[in-house]
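The report that follows is meant to be read beside the sequence and the model. It moves from the chain as a whole to a few individual residues.

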Amino acid sequence: MAVNQYIEQLSRREAIYVRRVQYSLIFMVLAILPLITFSSETGRFYLKSFGVLIRQFGDIGISMLLTFMIIMTMIGVSSLWKLYKTARLKSRYRWGAYSAR
C-alpha cells in the first residue's frame, strides 16, 4: 500500500512540474513578443534592432526584460530536469509494483 501512495505522490509532483514548465514557456513567449516585429511586405518576423529597443524600453526596461527571460529559462530547465527525474522514479516504482504481483 505504501508503494501505491508513493506513486500517487510522484504523480502529483509530476503534475506540478509539468505546470511549471508550461507556465515558463508561456512567459518566455510573452517576453519575446516585444523583441520581434512583423513585416507585412515579406510576411516574416524580424528581431528589432537594439537602438529601437532602447528607444522603446530604455536601458532599465531591456535589462529587466532580459533578466526575466533568464529567470524563466532557469525555472523551466530546472523543472524539466525534476520532471524527468520524477518520471524515471515513478516508472521504476510502477515496474517494481507490477513485477511484485
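The chain carries 14 positive and 4 negative charges, and the mean positions of these two groups lie 12 Å apart. This separation, like every other value given here, is computed from a predicted model.

The accessible surface of the chain amounts to about 7800 Å², and carbon and sulfur atoms account for 65% of that area. Of the 101 residues, 20% count as buried. The overall dimensions can be set beside these figures: the C-alpha trace spans about 65 × 30 × 15 Å along its principal axes, and the radius of gyration is 21 Å, where a compact globule of 101 residues would have one near 13 Å.

In its secondary structure the chain has two helices and two strands, which follow one another from the N terminus in the order α-β-β-α. Among contacts between residues at least 6 apart in sequence, 63% join residues that are at least 24 apart.

The largest nonpolar core consists of eight residues, namely M28, A31, L35, L53, I62, L65, M69 and M72. Helices α1 (2-32) and α2 (50-99) each supply at least two residues of this core, and the largest share, five residues, comes from α2. As a general point, nonpolar side chains tend to be buried together in soluble globular proteins.

One member of that core, L35, has contacts that can be listed by name: when its neighbours within four places in sequence are left aside, L35 is in contact with Y46, L47, K48, L53, L65 and M69. Of these partners, L53, L65 and M69 are themselves listed in the core.

Two residues of helix α2, V77 and S79, can be compared by their relative accessibility.

| Residue | Relative accessibility | Class |
|---|---|---|
| V77 | 54% | exposed |
| S79 | 1% | buried |

V77 counts as exposed because its relative accessibility of 54% is over the 50% cut-off, whereas S79 counts as buried because its value of 1% is under the 20% cut-off.

Each of these residues can also be related to another part of the sequence. The C-alpha atoms of V77 and S24 are separated by 9.1 Å, although the two residues are 53 residues apart along the chain. For S79, once residues up to four places away in sequence are not counted, the residues touched are Y17, R20 and V21.

How values were computed. Residues are numbered from 1 along each chain as its sequence is written. This is a predicted model: local features need pLDDT of at least 70, side-chain atom pairs count only at pLDDT 80 or more; totals for chains, interfaces and linings use all residues. Side-chain values use heavy atoms; hydrogens and water are left out. A nonpolar core is a set of buried Ala, Val, Leu, Ile, Met, Phe, Trp, Tyr and Cys residues joined through side-chain atoms within 4.5 Å. Buried means under 20% relative accessible area, exposed over 50%, partly exposed in between (1.4 Å probe, protein chains only). Helices (H or I, at least four residues) and strands (E, at least two) are DSSP runs, numbered from the N terminus. Contact means heavy atoms within 4.5 Å. The radius of gyration is taken over C-alpha atoms; the globule rule is 2.2 Å times the number of residues to the power 0.38. Accessible areas come from the Shrake-Rupley method with a 1.4 Å probe; for residues, only the protein chains shown count as cover. Lys and Arg count as positive and Asp and Glu as negative; His and the chain ends are not counted. The place of a charge is taken as NZ of Lys, CZ of Arg, CG of Asp or CD of Glu.
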